[in-house]
Structures are given as structure tokens and as C-alpha cells.
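Hello,

Here is the structure I promised to pass on to you. Please open it next to this message, and read on below for what turned up in it.

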Amino acid sequence: MPIDPTLPYDDSNIFAKILRREIPCNAVYEDEHALAFHDIAPQAPVHILVIPKKAYVSWDDFSANGSAEEIAGFVRAVGHVAREQGLVVRGYRLLANVGRNGGQEVPHLHVHLFGGGPLGPMLTR
Ligand code: 5GP
């Protein structure tokens with residue numbers, strides 16, 4: 001069920017639990033700003049989620065309230081993971097769902113990183 005992005009951060013969400021190491025994840029990268037791990041239900045040959053370490057509900061929250069250092073660190077982490085996964089030469093796709101219309105289900109900002117093969121049209125209706 002998509003989230004209401006106007007609600008305050010709820011630290012019982014699944015990605016907060018992953019950050020607290022209360023539940024496992026298949027991590028591929030971590031630094032002071034970000035954690036990247038494989039999506040549990042991949043929708044492409046490579047499907048990685050990159051999340052900020054701090055508590056932001058969505059891209060909207062992060063872009064409005066994140067510090068310049070956090071935003072730069074997170075954006076660099078996403079790019080680093082794509083390079084490290086060997087996705088740059090053939091290309092990849094980034095996606096951040098925001099709120100109800102975006103279909104965001106987990107209320108902690110995450111960027112989907114898709115690659116490993118042709119990804120098809122941007123949206124299917
Ligand atoms: P959203 O729809 O919020 O943009 O995407 C949430 C994503 O989180 C989905 O692609 C879903 O498969 C993934 N996901 C949900 N629960 C877990 C989990 O416990 N572990 C991992 N690795 N991914 C999860």
C-alpha cells in the first residue's frame with residue numbers, strides 16, 4: 001500500500017530495521033551516507049536499492065531537508081554503486097517513487113538502480 005509522504009518519519013519501516021541491522025540484507029556497498037543492497041524482489045537482472053543512512057521519508061523530504069553534505073554523499077554513492085556494479089558502459093536506470101501516485105511503499109527514501117540488460121520502456125500503463 002503506497003505511503004502518505006506527508007506523515008512524519010516512522011522508524012518501524014523495513015529499511016530503518018535494515019539500517020539498525022535488525023533484519024538482514026544483501027549489501028553491496030556502504031559508506032557514511034548510504035547503504036546499497038539487492039532488492040528482495042528484483043525486477044531486472046540487477047536491481048539494487050540505495051538508501052540514505054539518515055531518516056528521510058522520501059526524495060521530497062531529502063531534497064528539502066537534507067544537508068548539502070548528505071545530498072552530495074548520497075548522490076555520489078548511487079553513482080559509485082552503478083560504476084562498481086559495471087553498469088555504466090551498457091547503461092542503467094534510476095527510479096525514486098514518491099508518495100501515493102509514485103507507488104512508494106517503504107517510507108524511507110530509496111533509489112532503485114536497475115541494469116544488467118535492456119530495461120524496456122520507461123513506464124507501462
Ligand atoms: P517502492 O515501491 O517503495 O519504491 O519500493 C520498495 C522496494 O523495496 C520494492 O522493490 C521491494 O521489493 C523492496 N523491499 C521490500 N521489503 C524489502 C526487504 O525486506 N528487503 C529488501 N532487500 N528489499 C525489500
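**The nonpolar cores**

The largest nonpolar core has 17 residues, and A36, I48, V50, F74, V81 and L113 are those with the most contacts inside it. Please keep in mind that this is a predicted model. At least two residues of this core come from each of β2, β3, α3 (68–84) and β5. The helix α3 gives the most, with 5 residues. Apart from this core lies another one, of 8 residues, with I18, L19, I51 and V106 among them. As background, nonpolar side chains tend to be buried together in soluble globular proteins.

F74 is a good place to begin looking at the larger of these groups. Leaving out residues up to four places away in sequence, F74 touches H33, A34, V50, I51, P52, W59, F62, L109 and V111. Among these partners are V50, which is itself one of the core residues with the most contacts, and I51, which belongs to the other core.

W59, another partner of F74, sits in helix α2 (residues 59–65). Is W59 buried, exposed or partly exposed? W59 counts as partly exposed, because its relative accessibility is 37%, and the partly exposed class runs between 20% and 50%. Beyond its neighbours within four places in sequence, W59 is in contact with F74, A96, V98, L109 and V111. If you would like a distance to check on screen, the C-alpha atoms of W59 and T124 are 22 Å apart in space, with these positions 65 residues apart in sequence numbering.

**The pocket**

Next, the largest pocket. The volume of this pocket is about 840 Å³. Its lining is made up of 35 residues, and those nearest the centre are Q43, H47, N97, H112 and F114. Two or more lining residues come from each of α1 (14–19), β2 (34–38), β3 (46–52), β4 (93–95), α4 (99–102) and β5 (111–115). What kinds of residues form the lining of the largest pocket? They divide into 19 nonpolar, 12 polar and 4 charged.

**What the UniProt record adds**

The unreviewed UniProt entry lists residues 14–124 as "domain: HIT". Over that stretch, the chain is 31% helix and 22% strand, and the C-alpha atoms at its ends are 27 Å apart.

The unreviewed entry also lists H110 under "active site". Where is H110 found? H110 is in the loop between α4 and β5. H110 is buried because its relative accessible area is 6%, and buried means under 20%. Not counting residues up to four places away in sequence, H110 touches F15, L49, V50, I51, L95, A96 and Q104. V50 and I51 appear here again, as they did among the contacts of F74.

**Around α1**

A16 has its place in helix α1. This alanine is buried because its relative accessible area is 6%, and the limit for buried is under 20%. Apart from neighbours within four places in sequence, A16 is in contact with Y9 and D11. The C-alpha atoms of A16 and the core residue A36 are separated by 13 Å, and the two are 20 residues apart along the chain.

After α1 comes a residue whose backbone you may want to look at. R21 lies in the loop between α1 and β1 (27–30). The phi angle of R21 is near 60 degrees, which is a positive value in a residue other than glycine.

**After β5**

Two residues in the segment after β5 complete my notes. One of them is L119, which is partly exposed because its relative accessible area is 28%. Not counting residues up to four places away in sequence, L119 touches A44, Y92, R93 and F114; F114 is one of the residues nearest the pocket centre. The C-alpha atoms of L119 and N101 are separated by 22 Å, at 18 residues apart along the chain.

G120 lies in that segment too. Its relative accessibility is 47%, so G120 counts as partly exposed. From G120 to E105, the C-alpha distance is 23 Å, with the two 15 residues apart in sequence.

Happy browsing, and do write back with any questions.

Best wishes

How values were computed
Residues numbered from 1 in each chain as written. Predicted model: local features only at pLDDT ≥ 70, side-chain atom pairs only at ≥ 80, totals over all residues. Heavy atoms only, no water. 1 Å grid on protein atoms, 1.4 Å probe; cavity = no way out; pocket = protein on both sides within 12 Å on 5 of 7 lines; lining within 4 Å. Points joined across faces, edges and corners; volume = space filled by probe spheres on them. Helix = DSSP H or I, 4+ residues; strand = E, 2+ residues; numbered from the N terminus. Nonpolar A, V, L, I, M, F, W, Y, C, P; charged D, E, K, R; others polar. UniProt positions renumbered as here; feature names shortened; annotations may be inferred. Core = buried A, V, L, I, M, F, W, Y, C linked by side-chain atoms within 4.5 Å. Buried < 20%, exposed > 50% of the residue type's maximum accessible area, 1.4 Å probe, protein only. Contact = heavy atoms within 4.5 Å.
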